[in-house]
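User: I would like a close look at one part of this model, with the surroundings described as far as they bear on it. Please keep to what can be read from the structure.

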Amino acid sequence: MRYYMAIDSNPLASLPLALFGVSSESAYVDLLQDKLIVRAGSLFNETFSLSELGRGERFPWPWYYGLGVRTDFQGIVGPVTSTQGVIAIPLVQEKPLFIPLLGPVGLQVPCKKLVFSLKDPDTFLANFNQGRPEVNAGPKSVVIE
């Protein structure tokens with residue numbers, strides 16, 4: 001099933017994305033039986049096996065984090081096209097991803113958590129999280145007696 005990314009309506013944000021082919025038709029996530037494909041124009045195109053991924057959740061994304069392919073160089077990576085509807089999906093094991101800077105020139109960064117923004121994040125999460133394991137989920141609370 002295809003889920004389209006939310007594209008920020010502010011022209012200052014959406015125009016730079018459009019220069020890289022990011023539009024409401026070319027920015028999407030395909031949830032297939034055994035894999036997840038994340039595509040944002042020519043900026044981001046990655047495929048993940050569902051067995052590599054944990055449970056997704058809503059993720060706060062303040063405006064000052066910016067839009068486009070984002071990374072904190074410590075494990076958060078992904079195409080964020082709007083500050084609304086951002087979700088994060090942890091990876092079971094760190095995976096290197098390529099972020100293009102100029103054509104074939106770019107950076108390889110570690111990905112521990114995939115982030116992207118969707119028009120309908122709640123429907124995606126409901127469908128995606130069915131049967132998904134918790135990743136890096138320690139005890140919810142610790143009782144010391």
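Which strands does α2 lie across, and at about what angle does α2 run to β8?

Analyst: This is a predicted model. In it, α2 lies across β5, β8 and β9, and its direction makes an angle of about 120 degrees with β8.

These three strands belong to an open sheet of 5 strands, ordered β5-β8-β9-β7-β6, with mixed pairing. The edges are formed by β5 (57-58) and β6 (68-71), each of which pairs on one side only. Strands of a sheet pair through backbone hydrogen bonds, and the pairing may be parallel or antiparallel. Between β5 and β8 the strands run antiparallel and are joined by 2 bridges. On the β8 side, Ile87 is the bridge partner of Arg58.

The helix also contributes to the largest nonpolar core, which has 30 residues; Leu36, Val38, Leu114, Phe116 and Phe124 touch the most other members. At least two residues of this core come from each of β2 (27-31), β3 (35-40), β4 (44-49), β8 (86-102), β9 (105-117) and α2 (121-128). The largest share, 5 residues, is supplied by β8.

Leu114 shows how these parts meet. Leaving aside neighbours within four places in sequence, Leu114 is in contact with Leu36, Val38, Phe44 and Phe48, with Val77 and Gly78, and with Ile87, Ala88, Ile89 and Leu91. Apart from the largest core lies another one, of 6 residues, including Phe59, Trp61, Ala88 and Val115. Ala88 is thus a member of that other core and also a contact of Leu114.

Note on methods
Residues are numbered from 1 along each chain as its sequence is written. This is a predicted model: local features need pLDDT of at least 70, side-chain atom pairs count only at pLDDT 80 or more; totals for chains, interfaces and linings use all residues. Side-chain values use heavy atoms; hydrogens and water are left out. A nonpolar core is a set of buried Ala, Val, Leu, Ile, Met, Phe, Trp, Tyr and Cys residues joined through side-chain atoms within 4.5 Å. Buried means under 20% relative accessible area, exposed over 50%, partly exposed in between (1.4 Å probe, protein chains only). Helices (H or I, at least four residues) and strands (E, at least two) are DSSP runs, numbered from the N terminus. Contact means heavy atoms within 4.5 Å. Two strands pair if DSSP finds at least two bridges between them. Axes are lines fitted to C-alpha atoms, for helices over the stretch in contact, and angles run from 0 to 180 degrees between N-to-C directions.
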